[in-house]
Amino acid sequence: MLLPAADVKKVETSTSSRGYSMALRTILHYPDKRLRELAQPVNRFDGDLAKLVADMAETMYAAPGVGLAAPQIGVSMRIFLVDVATGEDQPSDLRTFVNPVFLERVGEVRCEEGCLSFPGVHEEITRAERVAVRALDAEGQRFELEAEGLLAIAIQHEHDHLEGKLMVDHLSLLRRRLVHRAMMKRAAG
Ligand code: NI
């Protein structure tokens, strides 16, 4: 999920504190068909997964976005990251969700959302106001979390990506057509 989005096309590398090099990954844009795949559960928590999560974090922050799901970089796995601490002097609040499931979705709220896979698009979308989620972290440790506000919205937005669902699916047919047309125009350059 996004704040005003920028294209992330170039690949840069840097070294994390844990010693492996990180890389920016290319973010897929609508209407890339890979965004429509049902992502698969993660069952191995190894160095490859740690590297993937580190790359996702670097790619999300570079965009910049407040959330990124693995399918958005062409990896069909049930993983997403969220960091809704957007203030410059706020400490980061990076959370990794692997194989997440909703335990509860309560209430209704409308909020303007963007998506790194839909550069330049911002649309009002209705979501649950509060959610409870169970997931694994990047080390495979199970946790449960109750969230509201922007965090709850970001979690729902990113979870949609694991189901192959996109923000346009929440819009009226008219809005959906307008967004589709804008994205096709953008893709055509
Ligand atoms: Ni998104």
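**Entry 1: Pro31 and the ground rules**

I started at Pro31, which sits in the loop between strand 2 (21-23) and helix 1. For the record, helices (H or I, at least four residues) and strands (E, at least two) are DSSP runs, numbered from the N terminus. The model is predicted, so I noted the limits: local features need pLDDT of at least 70, side-chain atom pairs count only at pLDDT 80 or more, and totals for chains, interfaces and linings use all residues. Residue numbers run from 1 along each chain as its sequence is written.

I then checked the bond before Pro31: the peptide bond joining Tyr30 and Pro31 is cis, with omega about 10 degrees. I found another cis bond from Ala63 to Pro64, where omega is near -5 degrees. Pro64 belongs to the loop between helix 1 and strand 3. A reminder to myself: most residues other than glycine have a negative phi, and most peptide bonds are trans.

**Entry 2: confidence**

I looked up pLDDT, the predictor's confidence in each residue, from 0 to 100. The chain averages 91, and 90% of the residues score at least 70. Over residues 4-14 the pLDDT is below 50, yet this stretch has 25 contacts in the model beyond near neighbours in sequence. A contact here is two residues whose C-beta atoms, placed from the backbone, lie within 7 Å. Where pLDDT is low, the predicted coordinates should not be read in detail.

**Entry 3: the whole chain**

I counted three helices and nine strands, in the order β-β-α-β-β-β-β-β-β-β-α-α. The C-alpha atoms fill a box of roughly 45 × 40 × 35 Å along the principal axes. What radius of gyration does the chain have? I read 16 Å, which agrees with the value near 16 Å for a compact globule of 189 residues. The radius is taken over C-alpha atoms, and the globule rule is 2.2 Å times the number of residues to the power 0.38.

Of the 189 residues, 35% count as buried. I used these cut-offs: buried means 20 or more other C-beta atoms within 10 Å of a residue's own, exposed means 12 or fewer, and partly exposed is in between, with C-beta atoms placed from the backbone. Among contacts between residues at least 6 apart in sequence, 62% join residues at least 24 apart.

**Entry 4: helix 1 and the core**

Helix 1 (residues 47-62) holds Ala50. I noted that Ala50 counts as partly exposed because it has 15 C-beta neighbours inside 10 Å. The buried residues of helix 1 are Val53, Asp55, Met56, Glu58, Thr59 and Met60, and they pack against strand 2, strand 3, strand 4 and strand 5.

Next I looked up the largest nonpolar core, meaning a set of buried Ala, Val, Leu, Ile, Met, Phe, Trp, Tyr and Cys residues joined through C-beta atoms within 7 Å. Of its 39 residues, Met56, Leu68, Phe80, Val82, Cys115, Ala154 and Ile155 touch the most other members. Two or more residues each come from helix 1, strand 3 (67-69), strand 4 (79-82), strand 5 (95-106), strand 8 (130-136) and helix 2 (149-162). Which element gives the largest share? I found that helix 2 does, with six residues. I also followed Met56: leaving aside neighbours within four places in sequence, Met56 is in contact with Leu68, Ala70, Ile73 and Leu81.

**Entry 5: strand pairing**

I took two strands as paired if DSSP finds at least two bridges between them. Strand 4 and strand 5 run antiparallel and are joined by four bridges; here Phe80 stands opposite Phe97. Strand 5 is antiparallel to strand 8 as well, over six bridges, with Phe102 opposite Val133. Strand 8 and strand 9 (residues 142-148) pair antiparallel over seven bridges, and the partner of Val133 in strand 9 is Leu145. Their hairpin has five residues between the strands, and Gly140 there takes a positive phi near 90 degrees.

I stopped at Asn99 in strand 5. Asn99 has a positive phi of about 50 degrees although it is not a glycine.

**Entry 6: the C-terminal helix**

Is helix 3 mostly packed away or in the open? Only one of its 16 residues is buried, so helix 3 lies largely in the open. Helix 3 (residues 173-188) reaches 22 Å from its first C-alpha to its last, close to the 22 Å expected at 1.5 Å a residue; the expected span is 1.5 Å times one less than the number of residues. I closed with Gly189, which follows helix 3 and has a positive phi near 80 degrees.
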